[in-house]
Each structure stands twice: as structure tokens, then as C-alpha cells.
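Me: I'm new to this one, and I'd like to go through its charged pairs with you. Can you show it to me?

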Amino acid sequence: MSFSLLSCDKGDLDHKGPALSSADSLEVSVSAGNLTIGASVKDITELSATFFGEVARGSSCSARSYGIMYTSVESDSLTINNALKLLARELDSNGRFSYPMGNFTPGLGYLWTVFVEIDGEFVLGEVMTFAALSLQPPTVEKIVDIFYDEVTLKGHITPPSEVSRNLAYGILYSKDKQSLENHMGDSHEIGDLDIKKNGAFSSRLLGLKPDTEYFFLPYIRMERQTVYGVMGNFRTDSI
């Protein structure tokens, strides 16, 4: 496990980190004050991840605090002021710890590292990054049973690895393509009864106008985020 050291005052700490990666095997460590802490990020889902680490302390450890700090890439950099700090206090008999963290945003990147604080100064390991898994919207593969007032859309759904109570799949549709491009239109939710165990779905859009072109846009909504798929179109039959 390789590491780099950086000693700085609180106002000087400003790291952007390397390129984003969704890999869960990145490791980082740092040593200071006769203490070494190392950690990695694993079990990354759309909404959560777990920090695993280990602490080794010498007989004359002078570290005031130590642990993990992280923030989202929306902050642009990792600083003492904007990072959430996890103090490594709950260690097992071998000095190991694990911290499951939730409430992440799907697809968003996060900056993180380990730290040791000595007399008000922070010594950090290399700033690393990981990305929460992205949501996958439904894929419409077939348009069947086209009548003057309804149509059936068939396709496939790839469920997220971590399902929220606020998870919803649906089809946004409209006669106006520009409105749909602005994510405005009628919303048809794909219900549980429409989805088979293998992820295939079949969903009917009802109450349509005869001989009319419609545009549709599949979506997945979870927590505070909605992700849209590929736009398609169809025309209903004449009466």
C-alpha cells in the first residue's frame, strides 16, 4: 500500500484528487505521530459505500485524532471546512474498522482520504476518488398493439443494486417533442405488475388521440434524482 504525506495548516488544504473511478479497490494510507492509518472504499452502490480501514499505533502515539474525510466533487476540492470527517474510534482487537455511509447521490463522484491530526495540523494521504453507481433508465425495445387510443411499450429494466423506497420507473410522453426534451409531459408510471422477474416490462399508454404522433421518454426516479433514457416516437391509428 503506497502513500504520500502532506502536512499543512487548515487553511492550506485544497486537493482535487485523481481522475474519477467507480472501482472499489483503491487504497490509501498515511503515517504520523507514531500512528499509521490505511483505508479503502468497497461495496459501492447507487446510494452508499463502505470505508474499510486499519490503524496501527505505537507506544508513544501523539495523534490527537485520525480517520477518514470525504466530500462530493460538487465541492471541487477536499478541504478541512467542507469535508465530512469520520473519526476512527470503534476499532476491533486488530485495529480494524468499517464505516457504512449512505445518502449518496447516484452517479456522483466523491473525494476522500485518510488523515492524522497532530497539534492542530493535518497530515493526509493521497486524495482519492470514487463514484456512486449510476441509475439505468428503462429501455424500450418494441412498440406493439397500436390502436387509435392506446399503445403498448415493451422493454427491459435493469434494477439498481440498492433499491430505495422512493424508486419509480415510468414513461414521459407528449405530442410536443420540444416539451419532452425539457422533461415536460404526461407521466405514466410502470407499475410492479408490469415488470417480470427477469426485468422485462410491458406497459400500456391509454387515453391517446387518434392519428396523432407521440414522443416518449423512459425514466427512473430514485431519491432526489431522475435519469432519462432514449427518446422514441409512434403514431396512433385512425378511427
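Here is a short chat about salt bridges in this predicted model.

Me: How many salt bridges turn up in a search of the whole structure?
Reply: The search comes back with 4 salt bridges.

Me: Why is the contact between R96 and E54 called a salt bridge?
Reply: The cut-off is 4 Å between a side-chain nitrogen of Lys or Arg and a carboxyl oxygen of Asp or Glu. The closest N and O atoms of R96 and E54 are 3.9 Å apart, so the pair counts.

Me: What parts does that pair tie together?
Reply: R96 sits in strand β7 and E54 in strand β4, so the link joins parts 42 residues apart in sequence.

Me: What makes E150 buried, and what about its partner R204?
Reply: Buried means under 20% relative accessible area, and E150 has 15%, so E150 is buried. R204 has 46%, which falls between 20% and 50%, so R204 is partly exposed. The two side chains meet in a salt bridge at 2.9 Å, N to O. E150 belongs to strand β12 and R204 to strand β15, 54 residues apart.

Me: How do you know that R235 and D211 form a salt bridge?
Reply: Their closest N and O atoms are 3.5 Å apart, and the limit is 4 Å, so they qualify. R235 is in strand β18, while D211 is in the loop between β15 and β16.

Me: Why is R235 called partly exposed?
Reply: R235 has 45% relative accessibility, and exposed needs over 50% while buried needs under 20%, so R235 lands in between. D211, at 44%, is partly exposed too.

Notes:
Residues numbered from 1 in each chain as written. Predicted model: local features only at pLDDT ≥ 70, side-chain atom pairs only at ≥ 80, totals over all residues. Heavy atoms only, no water. Helix = DSSP H or I, 4+ residues; strand = E, 2+ residues; numbered from the N terminus. Buried < 20%, exposed > 50% of the residue type's maximum accessible area, 1.4 Å probe, protein only.
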